[in-house]
Amino acid sequence: CVGCRERTAKSDLVRVVAVRVEQGSQHSLVLQPDPRGILPGRAAHLHPTDGCLALAIDRKAFVRALRLPGPADAAAVVAYVADQTEQHDRPTKLRREGGSTR
């Protein structure tokens, strides 16, 4: 994890890549979560938690790990981590239909 620098199973981490976004004659870099691992390019891996994300942003770990020339917009990663945290905290409800849990 580029945030806490802890080694763990790849399945516990989210893959993050930098994507170039063209806006007219200018371009910018955007950090994009890649949970399915299909986007091309160098990647950084992160625990999908607020703490690890904050550490990675504060330490500028994405810039180093992805070898970026400058800062990148992390809004998409922040939204993804917030969504993952919300899903993890939400209680799971099983619906019962005729005795089955399908």
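Colleague: Which residue in strand 3 does Val-16 stand opposite?
Modeller: First, this is a predicted model: local features need pLDDT of at least 70 and side-chain atom pairs count only at pLDDT 80 or more, while totals for chains, interfaces and linings use all residues. Residues are numbered from 1 along each chain as its sequence is written, and side-chain values use heavy atoms, with hydrogens and water left out. Strands (E, at least two residues) and helices (H or I, at least four) are DSSP runs, numbered from the N terminus. Opposite Val-16 in strand 3 you will find Ala-44.

Colleague: Over how many bridges do strand 1 and strand 3 pair?
Modeller: Two strands pair if DSSP finds at least two bridges between them. Next to the spot we just looked at, Val-17 stands opposite Ala-43 in strand 3. Strand 1 (residues 14–23) runs antiparallel to strand 3, and the number of bridges is four.

Colleague: What is the average twist from one strand to the next?
Modeller: Picture an open sheet of three strands in the order 2-1-3, with antiparallel pairing. Strand 2 (26–33) and strand 3 (43–46) are the edges, each pairing on one side only. For angles, axes are lines fitted to C-alpha atoms, for helices over the stretch in contact, and angles run from 0 to 180 degrees between N-to-C directions. From one strand to the next, the twist averages 35°.

Colleague: Which side chains of strand 3 point to one face and are buried?
Modeller: In a regular strand, side chains alternate between the two faces of the sheet. Buried means under 20% relative accessible area, exposed over 50%, and partly exposed in between (1.4 Å probe, protein chains only). Ala-43 and His-45 point to one face and are not buried, while pointing to the other face and buried are Ala-44 and Leu-46.

Colleague: How many residues apart in sequence are the parts that Arg-15 and Asp-34 tie together?
Modeller: A salt bridge is a side-chain nitrogen of Lys or Arg within 4 Å of a carboxyl oxygen of Asp or Glu, and searching the whole structure turns up one. Arg-15 and Asp-34 form a salt bridge at 2.5 Å, N to O; both residues are buried. Arg-15 belongs to strand 1 and Asp-34 to the loop between strand 2 and strand 3, so the number of residues separating these parts in sequence is 19.

Colleague: How far from Cys-52 is the nearest cysteine sulfur?
Modeller: A disulfide is a pair of cysteine sulfur atoms within 2.5 Å, and the whole structure has zero. Cys-52 is in no disulfide, and its nearest cysteine sulfur, that of Cys-1, lies at 3.7 Å.

Colleague: Why do the buried residues of helix 1 lie on the same side?
Modeller: An α-helix has 3.6 residues a turn, so residues three or four places apart point the same way. In helix 1 (residues 50–58), the buried residues are Cys-52, Leu-53 and Ala-56. They share one side of helix 1 because the arc they cover around the axis, taken from the directions from the axis to the C-beta atoms, is only 100°.

Colleague: Which pattern does the protein chain follow along the sequence?
Modeller: The chain has three helices and three strands. Of its 102 residues, 27% count as buried. Read along the sequence, the pattern is β-β-β-α-α-α.
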